[in-house]
Amino acid sequence: MAENNIPSHVAIILDGNGRWAKKRLLPRNAGHVQGSKVVEQICEDADSLGIKYLTVYAFSTENWKRPKKEVDALMKLLDKYLSDCIERSTKNNMRVRVLGDISALDKKMQDKITELEHISAGNTGLNFSVALNYGSRDEMLRAVRACAEEYAKGNMTINDINEDVFASYLDTKGVPDPDLLIRTSGEQRLSNFLLWQLAYTEFYFTDVLWPDFNKDELKKAMDFYAGRDRRFGGV
């Protein structure tokens, strides 16, 4: 694949963990555990394939509506993942960012996120973002409030607010918009994920459940992307 046909930034909606577990007569959390292992491997695969930015949707603002038992298990799994990621980011020269409103998470998890982002800030390999307690509408509302606060303080005029300024208040500040969005498990919706950032992104939907996703499936998505003619509204 020619270098200019490789997506610089790939975003993935990780879907199908529960169905993967159900097919195997396992508890739903078994699917989440397997899914987290796939995230680890896909980070390495993406880096080896020349992808510079990878963003995954791990836990949405709407996921709190799930049964308490499942949410508690997910939080425990995410906490362990963050701990492991601190060591793995150094080993793999990977920079890690967390998107979303982390104030709703417990203090221990918030501290891990702060440590992880600090420790990995100087790494020069894959730029990996995890959307955790993330919702795009919530993100944009927080950005609007931040702009309004700056305006109220006299630090900004109405005419100062343009697309670039607004984007600088989003969780993805400093990260280019995704070139390719992948959603697994056959669903074809955005589920409140990166609504601003996906304005000109190519969408790839696959029936493969996330725990079964692998490097070959990632290559299929990249091949799809390579065949797209991206005009960004032009001719």
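A residue counts as buried when its relative accessible area is under 20%, as exposed when that area is over 50%, and as partly exposed in between, using a 1.4 Å probe and protein chains only. By that yardstick Q188, at 59% relative accessibility, is exposed. Please keep in mind that this is a predicted model, in which local features need pLDDT of at least 70 and side-chain atom pairs count only at pLDDT 80 or more, while totals for chains, interfaces and linings use all residues. Residues are numbered from 1 along each chain as its sequence is written, and side-chain values use heavy atoms, with hydrogens and water left out.

**The loop around Q188**

- Q188 sits in the loop that runs between β5 (180-183) and β6 (202-205); strands here are DSSP runs of E with at least two residues, helices are runs of H or I with at least four, and both are numbered from the N terminus.
- From Q188 to T206 the C-alpha to C-alpha distance is 8.9 Å, with their positions 18 residues apart in sequence.

**Strand β2 and its aromatic residues**

- S60 belongs to strand β2 (residues 53-60), and its relative accessibility of 7% makes S60 buried.
- Beyond its neighbours within four places in sequence, S60 is in contact (heavy atoms within 4.5 Å) with N133 and Y134.
- There are 8 aromatic pairs in the structure; rings of Phe, Tyr and Trp (its six-membered ring) pair if their centres lie within 6.5 Å, and planes under 30 degrees apart count as stacked, over 60 as edge-to-face and the rest as tilted.
- One of these pairs is Y57 with Y134, edge-to-face at 6.0 Å centre to centre with 80 degrees between the planes.
- That pair links distant parts of the chain, since Y57 is in strand β2 and Y134 is in strand β4 (residues 127-134), 77 residues apart.
- Y57 is buried at 8% relative accessibility, and Y134 is buried at 0%.
- F59 and W64 also make an edge-to-face pair, with 4.9 Å centre to centre and 75 degrees between the planes.
- In this pair F59 is buried at 0% relative accessibility, whereas W64 is partly exposed at 35%.
- Y57 and Y134 join F193 in one aromatic cluster.

**Helix α2 against helix α3**

- Helix α2 (residues 28-48) packs on helix α3 (residues 68-91) at an angle of about 20 degrees, with the axes 10 Å apart; axes are lines fitted to C-alpha atoms, for helices over the stretch in contact, and angles run from 0 to 180 degrees between N-to-C directions.
- This makes α2 roughly parallel to α3, where under 35 degrees counts as roughly parallel, over 145 as roughly antiparallel, 65 to 115 as roughly perpendicular and the rest as oblique.
- The crossing of α2 and α3 is right-handed, meaning that the near helix is turned clockwise from the far one by less than a right angle, while anticlockwise would be left-handed.
- The contact includes H32, V33 and V39 of α2 and L74, L77 and Y81 of α3.
- Sorted by class, this contact of α2 with α3 has 6 nonpolar, 3 polar and 4 charged residues; Ala, Val, Leu, Ile, Met, Phe, Trp, Tyr, Cys and Pro count as nonpolar, Asp, Glu, Lys and Arg as charged, and the others, Gly among them, as polar.

**Helix α3 against helix α4**

- The axes of α3 and helix α4 (residues 107-120) come within 10 Å and cross at roughly 20 degrees, and α3 and α4 are therefore roughly parallel.
- α3 passes α4 in a left-handed crossing.
- The contact of α3 with α4 divides into 9 nonpolar, 4 polar and 4 charged residues.
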